[in-house]
Amino acid sequence: MELLSAEIASQYRGQLLKNASLADYTSWRTGGSADYIYVPADLADLALFLQGLPASMPLTWLGLGSNTLVRDGGVDGVVVVTQGALHELVTLPESSQLIRAEAGVASAQLARYTARQSNTGLEFLAGIPGTIGGALAMNAGCFGAETWSFIHAVETINRQGQITVRPISDFEVSYRHVVRPEGEWFVAGHFLVQPGDKEHSLEQIRNLLEKRNQAQPTGTANCGSVFRNPPGDYAGRLIETCGLKGKQLGGACVSTKHANFIINENSATAADIENLILEVGGIVEQKTGVQLLREVCIIGRTGRGVVE
């Protein structure tokens, strides 16, 4: 299906790519192509683009791509990339403790902005390698804190380009899971913070980043945590207990630094990574009786070589 005629496409200010590789938009640096990629110029441009999108066109959203595996077969339809696009970050006029961050803002950027405004509460976001859109969608968290604990309201958009400001009562929020109104996607969050000490918050962020660098394989091609932590335990501990640190499959490898991370070590295909995820989960369940649930999102058409 043709997405847009040249005449209609000329109305938009964003970047439209056809048959473009999504490997460049994910932290695993692998996977297939999208029929179309659209990087909006801003929120108004995104709304206009969605208004002109054919109703039958599949629609996928991608932020930093740090929690996503794109299968080798690629993705049907159009992928909207918010990273570097929806990047407005401001303190709302009604209160110096209300901060509005659009979906493409990096989580770490919001943490630092909040600290520099002498507010506190969001320091933990510095340890999440993703965008606000992804943090809202999955209730991302680390170091004992979660995104939705600090949400005052959110903004969503639907396929008709209509933007709605919604209270938290419109959502079902749990550990690494958020149920949102059908056909709507997050485009901004309003975060409620508390007055704090600028230097103390910046020091806390530095300490969190140092702790993360010591415990996790930062600087490698990975997606962050692959599995959710089961109640009362840690996925990484269970995987390590099963002797799976360093386990390789094709170009994919379980990190020797943190067992809940899988690294694209040697030009891994998405199938290599997905099969390793399946194998690790299967071995842990067989040996411990614990069924690990994936934290990473897997999207797209299954290419060759995936063991279902």
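Author: A residue counts as buried when its relative accessible area is under 20%, and as exposed when that area is over 50%. Cys253 is buried, since its relative accessible area is 6%. The model in front of you is predicted.

Reader: How much of the protein is buried in that sense?

Author: Buried residues account for 53% of the 308 residues.

Reader: What secondary structure does the protein have?

Author: The protein has 7 helices and 20 strands.

Reader: What does the radius of gyration say about a protein with 308 residues?

Author: The radius is compared with the value expected of a compact globule. For 308 residues that value is near 19 Å, and the protein has 20 Å, which agrees. The C-alpha trace spans about 55 × 55 × 30 Å along the principal axes.

Reader: Which share of the contacts joins residues at least 24 apart?

Author: Take the contacts between residues at least 6 apart in sequence: 64% of them join residues at least 24 apart.

Reader: What is the accessible surface of the protein, and how much of it belongs to carbon and sulfur atoms?

Author: The accessible surface is about 13900 Å², and carbon and sulfur atoms hold 48% of it.

Reader: How many positive and negative side chains are there?

Author: There are 24 positive and 31 negative side chains. The centres of these two sets are 5 Å apart.

Reader: Back to Cys253. Why does its sulfur form no bond with the sulfur of Cys223?

Author: A disulfide requires two cysteine sulfur atoms within 2.5 Å. The cysteine sulfur closest to that of Cys253 is in Cys223, and at 14 Å it is too far for a bond. For Cys297 the closest cysteine sulfur is again in Cys223, at 9.3 Å, which is also too far. The structure holds 0 disulfides.

Reader: Is Cys297 buried or partly exposed?

Author: Cys297 is partly exposed, with a relative accessible area of 41%.

Reader: How should I read a positive phi?

Author: Start from the general case: most residues other than glycine have a negative phi. Arg29 has a positive value, near 55 degrees. Arg29 sits in the loop that runs between β1 (15–21) and β2 (33–39). Phe143 is also not a glycine, and its phi is positive at about 50 degrees.

Reader: Where is Phe143, and what is its relative accessible area?

Author: Phe143 lies in the loop between β9 (141–142) and β10 (145–146). Its relative accessible area is 35%, so Phe143 is partly exposed.

Reader: And Ala145, in strand β10: buried or exposed?

Author: Ala145 is buried, with a relative accessible area of 18%. Apart from neighbours within four places in sequence, Ala145 is in contact with Phe124, Ala140 and Phe150. Phe124 shows how sequence and space can be read together: Ala145 and Phe124 are 21 residues apart along the sequence, while their C-alpha atoms are 6.6 Å apart.

Reader: Why is helix α3 (residues 107–116) described as largely enclosed?

Author: Count its buried residues. In α3, 7 of the 10 residues are buried, so the helix is largely enclosed by the rest of the structure. These residues are Ser107, Ala108, Leu110, Ala111, Tyr113, Thr114 and Ala115.

Reader: Which elements do the buried residues of α3 pack against?

Author: Their partners include the helices α4 (132–138) and α5 (198–215). Among the strands are β6 (89–91), β7 (98–102), β8 (119–120) and β15 (184–192). After α3 comes Ser118, with a positive phi near 60 degrees.

Reader: Which residues does His190, in strand β15, touch?

Author: Not counting residues up to four places away in sequence, His190 touches Leu92, Ile99, Arg100, Phe150, Ile151, His152, Ala153, Glu155 and Val165. His190 is buried, with a relative accessible area of 10%. From His190 to Thr302 the C-alpha distance is 37 Å, with their positions 112 residues apart in sequence.

Reader: What about Leu276 in helix α7: buried or exposed?

Author: Leu276 is buried, with a relative accessible area of 0%. Leaving aside neighbours within four places in sequence, its contacts are Lys247, Leu249, Ala252, Cys253, Val254 and Ile262. Cys253, where we began, is therefore a contact of Leu276 and is itself buried. Leu276 and Gln11 are 265 residues apart along the chain, and their C-alpha atoms are separated by 44 Å.

Note on methods. Residues are numbered from 1 along each chain as its sequence is written. This is a predicted model: local features need pLDDT of at least 70, side-chain atom pairs count only at pLDDT 80 or more; totals for chains, interfaces and linings use all residues. Side-chain values use heavy atoms; hydrogens and water are left out. Helices (H or I, at least four residues) and strands (E, at least two) are DSSP runs, numbered from the N terminus. The radius of gyration is taken over C-alpha atoms; the globule rule is 2.2 Å times the number of residues to the power 0.38. Buried means under 20% relative accessible area, exposed over 50%, partly exposed in between (1.4 Å probe, protein chains only). Contact means heavy atoms within 4.5 Å. Accessible areas come from the Shrake-Rupley method with a 1.4 Å probe; for residues, only the protein chains shown count as cover. Lys and Arg count as positive and Asp and Glu as negative; His and the chain ends are not counted. The place of a charge is taken as NZ of Lys, CZ of Arg, CG of Asp or CD of Glu.
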